Amino acid sequence: MPHSKQTHSLCTPEEHTLSRRQLLGASTAAGVVGLGGLGGLVNPLIASDMSAKEKQVLFIWIDGGMSQLESWDPKPNTQFGGPFRSIPTSIPGIQVSELMPKTSQIMHKLAVDRGVSTFDNSHSAGVPRINRGDPKDRGVVYPYFGSAVANLMGPGDSGLPPYVWVKPGSGGFKYQDAGFLGPKYGALAIGEGKPPPNILLPSNIDQQQNLERNALRKFANKQYANARAKTFREAQDFVFDTAQVLMDRRTLFDTPDASDIERYGDTPLGRDMLIGRKMIEAGVRFVKVNSYGWDTHGDNFNAHASLMPRFDQAFTAVVEDLDQRGMLDHVLVIAMSEFGRTPRINGHIGRDHWPEAWSIAMTGTGIRRGAIIGETNDEGTWVTSEPHDIGHFFHTWFNALGIDSEHTEYINDGQPLPIADEECSPIQELLA
Amino acid sequence: MDIKYTPSKSPVADRQLFNARFSLDGSLLIAGSYQGDVRRFDLSTEDHHELRAINGHHAWVQAFALHPTQNLIVSGDSWGKLQLHDYTHDDPQPLWALEDAHDGWIRSIAFSKTGDWFATCGRDQTVRVFNTKNGKQKRMLVGHQADVYHVLFHPEEDQLLSADALGNIFQWDLKKQHPLRTFDASETFLAHRLQDVGGVQVLAFSPDGKTLFAGGTRPKNGGTVQGVPIIIGFSWETAERTLLRELGGTADCYCEDLKFHPDGFLMAVTSGTPGTGKLQFIDLTLEEPLFQLSSLSNCHSLDVHPDGETIAVTTTVRGSNGNGRKVDDEGNYIGNTSPIQILVPELPEPKNTNA
């Protein structure tokens, strides 16, 4: 899995297990990564404008590649259609795989593009390319979508970090996503649904002593910061502030209600989606929820028979919850992989990587609900409508969040950079 | 052990195939397809001419069974439909059909010894028993907690067994309609990340009915599933495990089919990572296989001709996997096929095979 396997000379395996102490210590590494530039800055006027809009993003990353044929774009009883039936949805004439019975009932709340066509068919190239929106190469490393939103829209008023990543496996501070924006726009990862250990104050330290400790720390930090670049200071402040906020918001990690577990599913994805909802409710600007295990080169159909119900349940529950709370009016929800899976069924009864024709689902703020757009041919091999690359989606999502993607730029060390591929444009049919 | 091999006569349909089986008199080779029909190949012709398909199914026809004494085939598809046909007819018409015999994917069908009734199982976690003559359902057996992959009758007794994706094998009390005994093959199952992997793929009895064999994998991971193909043997009398045989390494993955040769040895095929497949002849008293053919690609079924010599193995096209677009010279997307390899082995001397 590309994310978890990313390494850096300054990042040891131990640092992937987040504790309060380790979180504080991570600032040093993060600051070093930012050396050599002032970091990415969006035009300050735009950033302040965005923060007032209080829009948020729930980004559901289905790592490895969900099969479009076993989900959003079934081609039943065709050469490559696989064993499953398609079922009607809440939108007349629109069908999805039988593996999505719950999702089928909320299709009118979703928008789905079945005409996605991208270029990279390997995980190593596809994951970063898709997450960065595939801008032109300008000699800089573009940020992942979460870091971009954190930078463009700011953290909001919650005091929580702007980019939280809820995932199986290890937690920690994942500064790599931020690219040229600088480490403070990296992701705070919550691994296995667990809060950072030692997040509560030791029992022998009271609040007054803690205040005094922090005053001493700030004094020391000031001397430390004076001799270092701005990105050092920002990263240092960010991780200390984050640690303090998490200490104050320990309840975010309380055991969920039994009824919530039942609705979301007693699975890692159900658990993480529930934490994701809590993070959104608490005001985190961008929450990424990861699901691993979708790279089904072998036994694809039994695998999707196992995987899809877990996705179906957790995805439907979070969309319904956000809708019932009136939060879809300001939360953009996206569910996607780095690519789809081949129509051809290999000898291991698996499907391989297929970026040529796949699907992305979304809902929430700025999105036209019930819009099922894009088409593939009868066998699902090629897109027959206007193909949409990932750049089109970045434009679409930025606009859904109220950001004029065609006239907003990052300022990187004096260099203006477009926030989305300038050869693409928003997909108007998806926008409300 | 020497083996003669006739690749030039291997039937290849324009769709991928499941479970090639010889007809009662051996004149036909019959296989379910990945697109809603049953294919028939005339073995009396030089090119193994493909006859008119048995139509009327939807999607995958993974499950079918041939009647033990008549030229009848019961076939089931992945949408839950069952049909009965005379498979020797030029244009086979259904003798009966049940559109919703199961809720979805029918995985396996087995006839009873007399052929008067047959059992089915599937993704709806049920095992069902039907009257062959009219297709009327006689029993619905509930108890599995996962997809049921295989059904099998004991060769001498009217005892029905079923095996599921979690590695549980049930012997059913057909009158009371509940499990009578359980055979534990749970090491064939792994919950990997969000994905359930493995389960018992196939069951077989020794010819004397004293040993039950379960084929599957000892899973290592999901995704590109890897695992060691294994056969687990159980005493029919005690349900105790009597044997565990590994058929390869982690790339070899699943034991997909098991059959006893008339000469008394066990045959198995495996399917692993794309391009990997084996046929093995196994004398259970020996550690090494009597014979192994590793040049086949992803073997999914095997059957023995009534002549007792010819073997059919369903395989796939080596190199049929791969990321991204594969198109022919005219730009058409290339699908996969399932060549049926027909093998004429020189058989070993019969040996004692009871585990």
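A strand here is a DSSP run of E with at least two residues, numbered from the N terminus. With that in hand, here is a set of close-up views of a predicted model.

**View 1. Strand β27 of chain B holds B:D303.**
The strand covers residues 301-304, and B:D303 sits within it. A residue counts as buried if 20 or more other C-beta atoms lie within 10 Å of its own. B:D303 has 21 C-beta neighbours inside 10 Å, so it counts as buried. Setting aside residues up to four places away in sequence, B:D303 touches B:A20, B:R21, B:F22, B:K259 and B:A312. You can also look for B:T314, which is 11 residues from B:D303 along the chain, with 9.1 Å between their C-alpha atoms.

**View 2. An open sheet in chain B is built from three strands.**
Follow the order β2-β3-β4 in chain B, where the pairing is antiparallel. Strands β2 (17-22) and β4 (38-42) stand at the edges with a single partner strand each, so one side of each has no neighbour in the sheet. From one strand to the next, the twist averages 20°. Zooming in on one pair, β3 (residues 28-33) of chain B is joined to β4(B) by five bridges. Here B:L28 stands opposite B:D42, which belongs to β4(B).

**View 3. B:Q62 lies in a loop of chain B.**
This loop runs between β4 and β5 (63-66) of chain B. B:Q62 has 26 other C-beta atoms within 10 Å, so it is buried. Apart from its neighbours within four places in sequence, B:Q62 is in contact with B:F18, B:N19, B:G32, B:S78 and B:R107. Another residue to find in this view is B:I109, 47 residues from B:Q62 along the chain, with their C-alpha atoms separated by 9.4 Å.

**View 4. Strands β9 and β10 of chain B form a hairpin.**
Strand β9 (residues 106-111) of chain B is mostly covered, with five of its six residues buried. Its pairing with β10 (residues 117-122) of chain B is antiparallel and spans five bridges. One place to check this pairing is B:A110, whose bridge partner in β10(B) is B:A119. Five residues lie between the strands of this hairpin, and B:G115 takes a positive phi near 85°.

**View 5. Strands β17 and β18 of chain B form a hairpin with two residues between the strands.**
Four bridges link β17 (residues 189-192) to β18 (residues 195-198) of chain B, and the strands run antiparallel. Across the pair, B:A191 stands opposite B:D196 in β18(B). In this hairpin, B:R193 takes a positive phi near 50°.

**View 6. Helix α10 of chain A has 15 residues.**
From its first C-alpha to its last, α10(A) reaches 21 Å, close to the 21 Å expected at 1.5 Å a residue. Of the 15 residues, 12 are buried, so the helix is largely enclosed by the rest of the structure. Among the buried residues of α10(A) are A:P268, A:R271, A:D272, A:M273 and A:I280. Just after the helix comes A:G283, with a positive phi of about 105°.

**View 7. Chains A and B meet in a contact that takes 41 residues from each.**
On the chain A side, α10 (268-282) and α11 (300-324) each supply at least two residues. The largest share of that side comes from α11(A), with five residues. By type, the side of chain A that touches chain B has 13 nonpolar, 20 polar and eight charged residues.

**View 8. The largest nonpolar core has 101 residues.**
Some background first: in soluble globular proteins, nonpolar side chains tend to be buried together. In this core, the residues touching the most other members are A:L58, A:F59, A:I60, A:V164, A:V287, A:L332 and A:I334. Helix α11(A) gives the most to the core, with 12 residues. For a closer look, take A:F59: leaving aside its neighbours within four places in sequence, A:F59 is in contact with A:F145, A:G146, A:F286, A:V287, A:K288 and A:I334. Another core, of 95 residues, lies apart from this one, and includes B:W60, B:L212, B:I230 and B:L343.

Definitions and conventions
Residues are numbered from 1 along each chain as its sequence is written. Chains are lettered from A and ligands numbered from 1 in the order in which they are written. This is a predicted model: local features need pLDDT of at least 70, side-chain atom pairs count only at pLDDT 80 or more; totals for chains, interfaces and linings use all residues. Two strands pair if DSSP finds at least two bridges between them. Axes are lines fitted to C-alpha atoms, for helices over the stretch in contact, and angles run from 0 to 180 degrees between N-to-C directions. Two residues are in contact if their C-beta atoms, placed from the backbone, lie within 7 Å. Ala, Val, Leu, Ile, Met, Phe, Trp, Tyr, Cys and Pro count as nonpolar, Asp, Glu, Lys and Arg as charged, and the others, Gly among them, as polar. The expected span of a helix is 1.5 Å times one less than its number of residues. A nonpolar core is a set of buried Ala, Val, Leu, Ile, Met, Phe, Trp, Tyr and Cys residues joined through C-beta atoms within 7 Å.
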